[in-house]
Amino acid sequence: MDSNGNFVGLKGPTNPMVSPLLTDLYQFTMAYAYWKAGKHLEKAVFDLFFRKNPFGGEYTVFAGLEECIRLAANFKFKQEDIDFLRTVLPTCEDGFFSYLRELNSLDIEIYAIPEGSIVFPKIPLMRVEGSVAVVQLLETPFVNLINYASLVTTNAARHRRVAGNSKLLLEFGLRRAQGPDGAISASKYCYLGGFDATSNVDAGRRFGIPLRGTHSHAFVSSFMGTDEITDRTLPRNDGTGVCEDFVSLAQHWLSKLQAADSLRGMFSDTSQSEMAAFISYALAFPTKFQALVDTYDVMRSGLPNFCAVALALNELGYKAQGIRLDSGDLAYLSTEARKSFHAIEKEFGVPEFGKMIITASNDINEDTLDALNKQGHEVDAFGIGTHLVTCFAQPALGCVFKLVEINGQARMKLSEDVSKVSIPCKKECYRLYGREGYPLVDIMTGENEEPPKEGDRILCRHPFNESKRAYVVPKRVEKLYKCYWSGNSGKPCEPLPTLEEIRKRCKRQLAEMRSDHMRELNPTPYKVSVSEELYKLIHDLWLKEAPVGELL
C-alpha cells in the first residue's frame, strides 16, 4: 500500500466518480448504527445476483467485475469525504468518522464467477465476505458497476447472435448514450459482448478497441461543387507518379459509368456537390475511402458518385473500402448496390470490386437484423447505436445484494413473492456438463458440502418447488467461483484478465450453450438448482423465520 492507503499496481475504477461516496445514504446510516451497536466488525457474507434474465431471453453475460475489484483495491475515504459526511450526518459521534477515515478493504474477500461468463438468475455472481459495515458500504457501487455492464454486454451478445458471426458489428452509440460514463461503458462492454469496433475515440484510447468511422451527411452537404477543391493532386499508391487532377479523373470515370451499355443506364444525373464531397474525402483518405451515400439519393447519385471515385482510386493503385447506408429500405438498397458493384467489376475488369463492404445504420436493433435476414440482404457491417447502448428493450437488469450469513449463521430474506426469497448461507456454485459437452444445470451447495464429482449421480433440486428435482450424472464439473480479492488473508487471487481475454471467454461460453437456451423466440429456461442439504436448510430456516398466522 502507498501512503494514501491504496494498493500499488492496481489502478482505481475507469470512472473517477466511482469512489467510496458513490453509495446510498442509508449505507452510511446503517454503518453508523452498526458501529454504535458494536456490530460493525461482525463477519458477514453477501451475495450479488439477479432474479430474471433480460430482454425476454434465458441467459445473461456477467460483466463489470474488474471495476468492482479496482474499487475494492482503492477503497479509502479522503479527509474531504469525511468533512462532507460530517455535514450530512451531524448527529453522529466523532468516533464514527475516525473509524471511517481509517477504513479500507483489507478484511474483505471477493469471490466471483469469471467476467465474461454466461450466468443465470439466483446464482450469485459475486460473494463478498468481511466486516458487515464495510461490505454494506460497497453494496451500492458494486450493484451499480455490475448492473449496466452485464445488461449492455448481454444486449451486444444478442445482437451478435442475430447478425451472425460473419458480419462486422460497429458500436455507434456515443451520442445517444446516457452521459459520458454510459458511453464509455457501452463501448467497452459492447466490445466484450462481441462487437468488433466502436466510433468512440476515447474508448479506443482507454481500452484498445478498434475504431471505425467515415463522415456525416453534414460533410456531404457542406460542399457546393468541385471548384472548392484547391489541391487536386494525389500520388499513386506505389509512389511511381502523381495524378495532377484527381477531380477530372473521377469525373472521367463517372462519364464512363453513365455510358456503359452493360449498366443499362443505371447511372444518369448525379449531384455534383456530393461528388465534390466524395472526391475531397478520397483525397484526404485514399486508402480508407468509404462514403455515406444517402444524403440525396442512393441509386441516382450517391452510389454512382462513389463508384466513380472508387474507380479513379483504383486506377492509381488504391482500393476503396465501401459505402454506408443510413436510411431507406436497407435490404433493397444493399442488394441493388451489390448488383451494381458486380456489374462494374465485370464491365471494367476491376478485381473484387463486387466485394465492396456495405455498411448499414439507422436505428438498427435485434428485430431489424432478424427482418433483414428473413428478407435477404447484402449488408456486410452494421453500425448500431441507440437500441444497443441505451438497452432500449429493457433499461435495467435488477441486480440485488443480499445478506446470506452473519457470524456463521445463515440468514435469508422472505417474501410473499417467492421469486424474491433469497437463498441463505455461504455457498459454492458448480456447473454440470452432460455427455454432449453442453451445460445441463448450475447447482448451489453449502460451502462445507462435498463438491459434486464427475460420474456421480447428483440430486439437483429446485430451491422452492418440492416436486421439481432431477438426478444428473455430469461428464464434467466446473467450479464457478474464483477469489479475485483476498485483502490481508494471504489467500492467492486470480489475476484480472485483459479485455481481450474476457471477450474470448464470452465468445467461448456463448458457443458452449445449447441452442435452444439461446434462441430469441421461446428459449428453453436453463436449470438452476440446489443440493439436497441446501434445500433442507432453506426450508428449515424459512419455517423458523416466517411468523405463524392466526385465524380469528
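In strand β7, Ala197 is the bridge partner of Leu170. This pairing belongs to a predicted model. Strand β6 spans residues 168–171, and 2 bridges join β6 to β7. The two strands run parallel. They form part of an open sheet of 6 strands, ordered β7-β6-β13-β12-β11-β10. Pairing in this sheet is parallel. The edges are taken by β7 (197–198) and β10 (290–292). Each has a single partner strand, so one side of each lacks a neighbour in the sheet.

Another open sheet also contains 6 strands, but its pairing is antiparallel. The strand order is β15-β14-β1-β5-β3-β21. Here β15 (409–410) and β21 (482–485) stand at the edges. Both have a single partner strand, and one side of each is therefore left without a neighbour in the sheet. Within this sheet, strand β1 covers residues 43–49 and strand β5 covers residues 126–131. These strands run antiparallel and are joined by 6 bridges. Lys43 stands opposite Ser131 of β5. Helix α2 (residues 65–73) packs on the sheet. The helix touches β3 (109–112), β5 and β21. The direction of α2 makes about 45 degrees with that of β21.

Glu66 is located in helix α2. Its relative accessibility is 14%, under the 20% limit, so Glu66 counts as buried. Beyond its neighbours within four places in sequence, Glu66 is in contact with Glu115, Lys188 and Leu496.

Helix packing was examined next. Two packed helices are described by the angle between their axes and the distance between the axes. Helix α10 (residues 272–284) packs with helix α11 (residues 298–315) at an angle of about 35 degrees. The axes of α10 and α11 are 9 Å apart. Their crossing is right-handed. On the α10 side, the contact is made by Glu274, Met275, Phe278, Ile279 and Ala282. On the α11 side, Ser301, Gly302, Asn305, Phe306, Ala308, Val309 and Leu313 take part. By class, the contact of α10 with α11 has 8 nonpolar, 3 polar and 1 charged residues.

Helix α11 also meets helix α12 (residues 330–348). The axes of α11 and α12 come within 11 Å and cross at roughly 40 degrees. This crossing, too, is right-handed. From α11, the contact draws on Val298, Met299, Leu303, Phe306, Cys307 and Leu311. From α12, it draws on Leu333, Glu336, Ala337, Ser340, Phe341, Ile344 and Phe348. The residues in the contact of α11 with α12 divide into 11 nonpolar, 1 polar and 1 charged. Phe306 of α11 takes part in the contact with α10 and in the contact with α12.

Backbone geometry was considered at two loop residues. Most residues other than glycine have a negative phi. Cys391 is not a glycine, yet has a positive phi of about 50 degrees. Cys391 is found in the loop between α14 (386–389) and β14 (400–406). With a relative accessible area of 1%, Cys391 is buried. Asn407 likewise has a positive phi, near 50 degrees, and is a residue other than glycine. Asn407 lies in the loop between β14 and β15. At 44% relative accessibility, Asn407 counts as partly exposed.

At the level of the whole chain, the model has 17 helices and 22 strands. The C-alpha atoms fill a box of roughly 90 × 55 × 50 Å along the principal axes. Of the 552 residues, 55% count as buried. Among contacts between residues at least 6 apart in sequence, 73% join residues at least 24 apart.

Confidence was assessed per residue. The mean pLDDT of the protein chain is 95. A value of 70 or more is reached by 98% of its residues. Over residues 1–6, pLDDT stays under 50. For this segment the model has 10 contacts beyond four places in sequence. Where pLDDT is low, the predicted coordinates should not be read in detail.

Terms used: Residues are numbered from 1 along each chain as its sequence is written. This is a predicted model: local features need pLDDT of at least 70, side-chain atom pairs count only at pLDDT 80 or more; totals for chains, interfaces and linings use all residues. Side-chain values use heavy atoms; hydrogens and water are left out. Axes are lines fitted to C-alpha atoms, for helices over the stretch in contact, and angles run from 0 to 180 degrees between N-to-C directions. Helices (H or I, at least four residues) and strands (E, at least two) are DSSP runs, numbered from the N terminus. A crossing is left-handed if the near helix is turned anticlockwise from the far one by less than a right angle, and right-handed if clockwise. Contact means heavy atoms within 4.5 Å. Ala, Val, Leu, Ile, Met, Phe, Trp, Tyr, Cys and Pro count as nonpolar, Asp, Glu, Lys and Arg as charged, and the others, Gly among them, as polar. pLDDT is the predictor's confidence in each residue, from 0 to 100. Two strands pair if DSSP finds at least two bridges between them. Buried means under 20% relative accessible area, exposed over 50%, partly exposed in between (1.4 Å probe, protein chains only).
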